[in-house]
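Reader: Hello! I am new to this structure and would love a close look at a single part of it. Could you walk me through that part and link it to what surrounds it?

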Amino acid sequence: MHCCVEFIGAFEPAPSNVRKSSREPPTELGRFRVSSSTAGIRVSPLQLGAMSIGEAWSSFMGSMDKEASFKLLDAYFEAGGNFIDTSNNYQNEQSEAWIGEWMAARKNRDQIVLATKFTTDYKYWEIGTGNAPNHCGNHKRSSGKTPFSVYQGRWNVLLRDFERDTIPMALHFGMTLAPWDVLGGGKFQIKKQIEERKQKGEALRSMFGAEQTEDQVKMSEALEKVAAEQGTESITAIALAYVMAKAPNVFPLVGGRKIEHLQDNISALKIKLTKEQIETLESVKPVHLGFPNDFIGEDPKLSGKPGGLLAASSPMSFVVASKPIGYENIGTSITPSIP
């Protein structure tokens, strides 16, 4: 009888302090998502990239002192964010250390999902250079160990080779996609923004060159066009919305040092691009799939129908793979158009 009483008690109303968690989040950043089929943690749809937190790399990334870093972390957390990405070598270890101090000061460690990295250089040093050819990789599956559940790589609307093999691989293994450089290294900016920065004496981030390339200028103009159609001035929000429209379980990293830029990024979570808008952006610089992808055609798990040689073999039907949140009834696809 005692067991039955406990079981029935499980259906009683939750205490008032627990019910608070079911209220609407302060922003869409606080509407958590299950990261992937291989990692059931609930995380914010945007990761806060903490490479800029610190002062040690100021020569090429700008500088954030500890007070400014804590303010940015506070703004992310107060907007509902719980997913922070860092590394043991970012800012010569300042990033990890300051985030640790911030969590201790705010007493919120149990509310943060912290993704950090033990860098390859350190690993080589620990076990000896040249003796670590198999220290990572999904071959762990064969030894009974948990395989990787997140793939982090460079991807944005202008650099789309990520879509050739990486996304199909991640979908196959049920991995979360955590792209970085989604905002083009700070180079997706319209002429008005460039002029305002010059007037303030602010240079563009110099990690991948200090000036916009011709392609970056053209893409910025295309992003501005789509932004106007979406009723926003934020082209970075459109750049974020693009990658989140292309595949399920995409959790982009957003960095930077300014709170207003973070708020701009969060606004992307309310944007749903049309198929035509995606095609407009992709037309600026089409990506070539390469063999065999451009020979066998689109994956039938995405289109729901056979193509190319497969279509000629016999009539077939397919179970269609899941789509990104908000695009369940819209015809988006990770397969790029081939010029």
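Author: Happily; the walk below starts with the largest nonpolar core and then visits some places around it.

Please keep in mind that this is a predicted model. The largest nonpolar core has 60 residues, and those touching the most other members are Ile84, Phe188, Met219, Leu223, Ile238, Leu273 and Leu281. Many elements feed this core: the helices α4 (66-78), α5 (94-106), α7, α9 (214-229), α10 (235-246), α11 (259-266) and α12 (275-282), together with strand β4 (83-85), each supply at least two residues. The biggest giver is α10, with ten residues. This fits a wider pattern: in soluble globular proteins, nonpolar side chains tend to be buried together.

Let us follow one of these contributors, α7. Helix α7 covers residues 166-173 and belongs to a right-handed β-α-β unit with strands β6 and β7. The two strands, β6 (residues 150-154) and β7, run parallel and are joined by five bridges. Across this pairing, Arg154 stands opposite Trp180 in β7. Strand β7 spans residues 176-180 and is mostly covered, as four of its five residues are buried.

Next come two loops that touch on other contributors. Between β4 and α5 lies the loop that holds Gln91. The phi of Gln91 is near 55°, a positive value in a residue other than glycine. Gln91 is also buried, because its relative accessible area is 0%, and buried means under 20%. A second case is Asn249, in the loop between α10 and β8 (253-254). Asn249 has a positive phi too, near 60°. Its cover is another matter: at 31% relative accessibility, Asn249 counts as partly exposed. As background, most residues other than glycine have a negative phi, and most peptide bonds are trans.

That last point leads to the stretch after α12. In the loop between α12 and α13 sits Pro292. The peptide bond joining Phe291 and Pro292 is cis, with omega at about 5°. Phe291 is also part of a nonpolar patch on the surface, which it forms with Phe295, Ile296 and Leu309. Together, these four residues have about 490 Å² of accessible area. Of the patch members, Phe295 is found in helix α13 (residues 293-296).

So the tour began at a core of 60 residues and ended at a nonpolar patch on the surface.

Notes:
Residues are numbered from 1 along each chain as its sequence is written. This is a predicted model: local features need pLDDT of at least 70, side-chain atom pairs count only at pLDDT 80 or more; totals for chains, interfaces and linings use all residues. Side-chain values use heavy atoms; hydrogens and water are left out. Buried means under 20% relative accessible area, exposed over 50%, partly exposed in between (1.4 Å probe, protein chains only). Two strands pair if DSSP finds at least two bridges between them. A crossover is right-handed if, with the strands pointing away from the viewer, the path from the first strand over the helix to the second runs clockwise. Patches are made of residues with over 30% relative accessible area and no salt bridge: like charges are joined within 9 Å, nonpolar side chains (Val, Leu, Ile, Met, Phe, Trp, Tyr) within 5 Å. Accessible areas come from the Shrake-Rupley method with a 1.4 Å probe; for residues, only the protein chains shown count as cover. A salt bridge is a side-chain nitrogen of Lys or Arg within 4 Å of a carboxyl oxygen of Asp or Glu. A nonpolar core is a set of buried Ala, Val, Leu, Ile, Met, Phe, Trp, Tyr and Cys residues joined through side-chain atoms within 4.5 Å.
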